[in-house]
Amino acid sequence: MQIEKLTERQVELLDTMWSIDNFEEVEEFIETLDKEEQRECRSLIRLVVLEGFDEIMAKQTQFPEAQAVLKRFMQ
């Protein structure tokens, strides 16, 4: 996964959160920050989740037969 156009501080925050073992500890880390950086961390988490979702969706287009079967169940 690659996210472009991040500031140096955003990269630092993501690196720190990525190095933490579980989400509960990530939340504890975020609570130690000022309100603006807390918002920034939560925005970065959403960005990572959305980027991960985009990657999953891109891979799904590589299996058109499976997509066709799934579409029948989604209607």
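## Salt bridge between R9 and E37

In this predicted model, the side chains of R9 and E37 meet in a salt bridge, with N and O 2.6 Å apart. The pair links distant parts of the chain. R9 sits in helix α1, E37 sits in helix α3, and 28 residues separate them.

R9 has a second partner. It also forms a salt bridge with E12, where the closest N and O atoms are 3.1 Å apart. This one stays within a helix: R9 and E12 both belong to α1. They are 3 residues apart, about one turn of the helix.

Accessibility is similar in kind for both ends of the α1 pair. R9 has a relative accessible area of 36%, so it counts as partly exposed. E12 has 38%, and is therefore partly exposed too.

## Salt bridge between R42 and E31

Another salt bridge joins the side chains of R42 and E31, at 3.2 Å from N to O. R42 lies in helix α3 and E31 in helix α2, so the contact ties together parts that are 11 residues apart in sequence. R42 is partly exposed, because its relative accessible area is 26%. E31 is also partly exposed, with a value of 47%.

Shared partners matter for the grouping. R9, E12 and E37 are joined into one network by salt bridges that share partners. The count for the model comes to 5 salt bridges.

## Polar contact between Q10 and E40

Next to R9 in numbering comes Q10, which is found in helix α1, a run covering residues 8-19. Its side chain makes a polar contact with the side chain of E40, at 2.5 Å.

Is Q10 buried or exposed? Its relative accessibility is 16%, so Q10 counts as buried. The cut-off behind that call is under 20% relative accessible area.

## Negative surface patch

Which residues form the negative surface patch? They are D21, E24, E25 and E28. E28 lies in helix α2, which spans residues 23-31. The relative accessibility of E28 is 48%, so this residue counts as partly exposed. Patch members need over 30% relative accessible area and no salt bridge. E28 passes the area part of that test, because its value is 48%.

## Nonpolar surface patch

A nonpolar patch on the surface is formed by F53, I56 and M57. Together they have about 290 Å² of accessible area. F53 is found in helix α3, residues 35-60. F53 is partly exposed, because its relative accessible area is 47%. That value is over the 30% needed for a patch, so F53 qualifies on area.

## Backbone at K5

What is the phi of K5? It is positive, about 65°, although K5 is not a glycine. K5 is placed in the segment before α1. With a relative accessible area of 84%, K5 is exposed. The cut-off for that class is over 50%, so K5 falls within it.

## Contacts by helix

The contacts can be grouped by the helices they involve. Helices α1 and α3 are linked through R9 and E37. Helices α2 and α3 are tied through E31 and R42. Within α1, R9 and E12 pair up. On the α1 side there is also Q10, whose side chain has its polar contact with that of E40.

Terms used:
Residues are numbered from 1 along each chain as its sequence is written. This is a predicted model: local features need pLDDT of at least 70, side-chain atom pairs count only at pLDDT 80 or more; totals for chains, interfaces and linings use all residues. Side-chain values use heavy atoms; hydrogens and water are left out. Patches are made of residues with over 30% relative accessible area and no salt bridge: like charges are joined within 9 Å, nonpolar side chains (Val, Leu, Ile, Met, Phe, Trp, Tyr) within 5 Å. Accessible areas come from the Shrake-Rupley method with a 1.4 Å probe; for residues, only the protein chains shown count as cover. A salt bridge is a side-chain nitrogen of Lys or Arg within 4 Å of a carboxyl oxygen of Asp or Glu. Helices (H or I, at least four residues) and strands (E, at least two) are DSSP runs, numbered from the N terminus. Buried means under 20% relative accessible area, exposed over 50%, partly exposed in between (1.4 Å probe, protein chains only). Lys and Arg count as positive and Asp and Glu as negative; His and the chain ends are not counted. The place of a charge is taken as NZ of Lys, CZ of Arg, CG of Asp or CD of Glu. A polar contact is a pair of N or O atoms within 3.5 Å; within protein, one must be able to donate a hydrogen and the other to accept it, and residues adjacent in sequence count only if both atoms are side-chain atoms.
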